[in-house]
Amino acid sequence: MSESSLAELLRSRGLRLTAQRQLVLKAVLDLGHATPEQVHTAVREVAAGVNITTIYRTLELLERLGLVTHTHLSHGSPTYHAAGEHEHVHLVCRECGAIDEISPEMLGPLADQLAGQRGFQVDIGHVALFGVCGRCAQDGERK
């Protein structure tokens, strides 16, 4: 999202574009998948005075505006990524912490079955599957 588009969106909601809002959105876009703490680290490289509370509040605002979304990829903080990205399922390696993505169509049959049998609608954007990535599995076999 361009700076002018962000400014227009904020103004339409009665808000103003601040340096912190720009920096937080840029950090999320640059990092891909990031916790508030990782966003904070990235923002502090540019603006040392920004505190973690500002990061959390700004991420919440950006999510309400539909610019970012979050999912829980561990027991810790939520992980944020750009909302404009294609919907995807997260694959999280318990060994190295790597995050990969797969198409939601891979879970389509399961989502359809849950909808048909239970009336349950899966929110694919919040699905995270935990396991061991191929590289870690291969490294484990070598040991």
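This is a short tour of the structure, stop by stop, with what to select at each one.

**Before you start**

The model is predicted, so local features need pLDDT of at least 70 and side-chain atom pairs count only at pLDDT 80 or more, while totals for chains, interfaces and linings use all residues. Residues are numbered from 1 along each chain as its sequence is written, and side-chain values use heavy atoms, with hydrogens and water left out.

**Stop 1: the whole chain**

Show everything as a cartoon. You should find 6 helices and 5 strands, in the order α-α-α-α-β-β-β-β-α-β-α. Helices here are DSSP runs of H or I with at least four residues, strands are runs of E with at least two, and both are numbered from the N terminus. The C-alpha atoms fill a box of roughly 50 × 45 × 25 Å along the principal axes. Of the 143 residues, 37% count as buried; buried means under 20% relative accessible area, exposed means over 50%, and partly exposed is in between, using a 1.4 Å probe on protein chains only. Contact, from here on, means heavy atoms within 4.5 Å. Among contacts with a separation of 6 or more, 49% join residues 24 or more positions apart.

**Stop 2: helices α2 and α4**

Select residues 19-31 for α2 and 52-64 for α4. At what angle do these two helices pack? The angle is about 75°, and the axes are 10 Å apart. That makes α2 roughly perpendicular to α4, a label that covers 65 to 115 degrees; under 35 is roughly parallel, over 145 roughly antiparallel, and the rest oblique. The axes are lines fitted to C-alpha atoms over the stretch in contact, with angles from 0 to 180 degrees between N-to-C directions.

Now turn on side chains. From α2, pick Q20, R21, V24, L25 and V28; they meet T54, I55, T58, L59, L61 and L62 of α4. By class, this contact has 7 nonpolar, 3 polar and 1 charged residues. (Nonpolar is Ala, Val, Leu, Ile, Met, Phe, Trp, Tyr, Cys and Pro; charged is Asp, Glu, Lys and Arg; the others, Gly among them, are polar.)

**Stop 3: the largest core**

Next, select V24, V39, V43, I55 and L67, the residues with the most contacts inside the largest nonpolar core, which has 20 residues. A core here is a set of buried Ala, Val, Leu, Ile, Met, Phe, Trp, Tyr and Cys residues joined through side-chain atoms within 4.5 Å. Helices α1 (3-12), α2, α3 (36-44) and α4 each supply at least two residues, and α2 gives the most, with 5.

Zoom in on V39, in helix α3. With a relative accessible area of 0%, V39 is buried. Beyond neighbours within four places in sequence, V39 is in contact with V24, A27, V28, L31, A34 and I55. Try a C-alpha distance too: V39 to L59 comes to 9.4 Å, for 20 residues along the chain.

**Stop 4: the loop after α3**

Slide to N51, in the loop between α3 and α4. Is N51 buried or partly exposed? N51 is partly exposed, at 40% relative accessible area. Its C-alpha is 7.4 Å from that of H40, 11 residues away in sequence.

**Stop 5: another core**

Apart from the largest core lies another, of 5 residues, including V89, L107, I124 and V127. Select V127, in the loop between α5 (108-118) and β5 (128-131). V127 is buried, at 15%. Leaving aside neighbours within four places, V127 touches T71, V89, H90, L107 and V122. T71 is 56 residues away in sequence, yet 7.5 Å from V127, C-alpha to C-alpha.

**Stop 6: the cysteines**

Last, show the cysteine sulfurs. How many disulfides does the structure hold? There are 0, where a disulfide is a pair of cysteine sulfur atoms within 2.5 Å. C93 has the sulfur of C133 as its nearest cysteine sulfur, 3.7 Å away, and C93 is buried, at 5%. The sulfur of C133 is 3.6 Å from its closest cysteine sulfur, in C136, which is too far for a bond.
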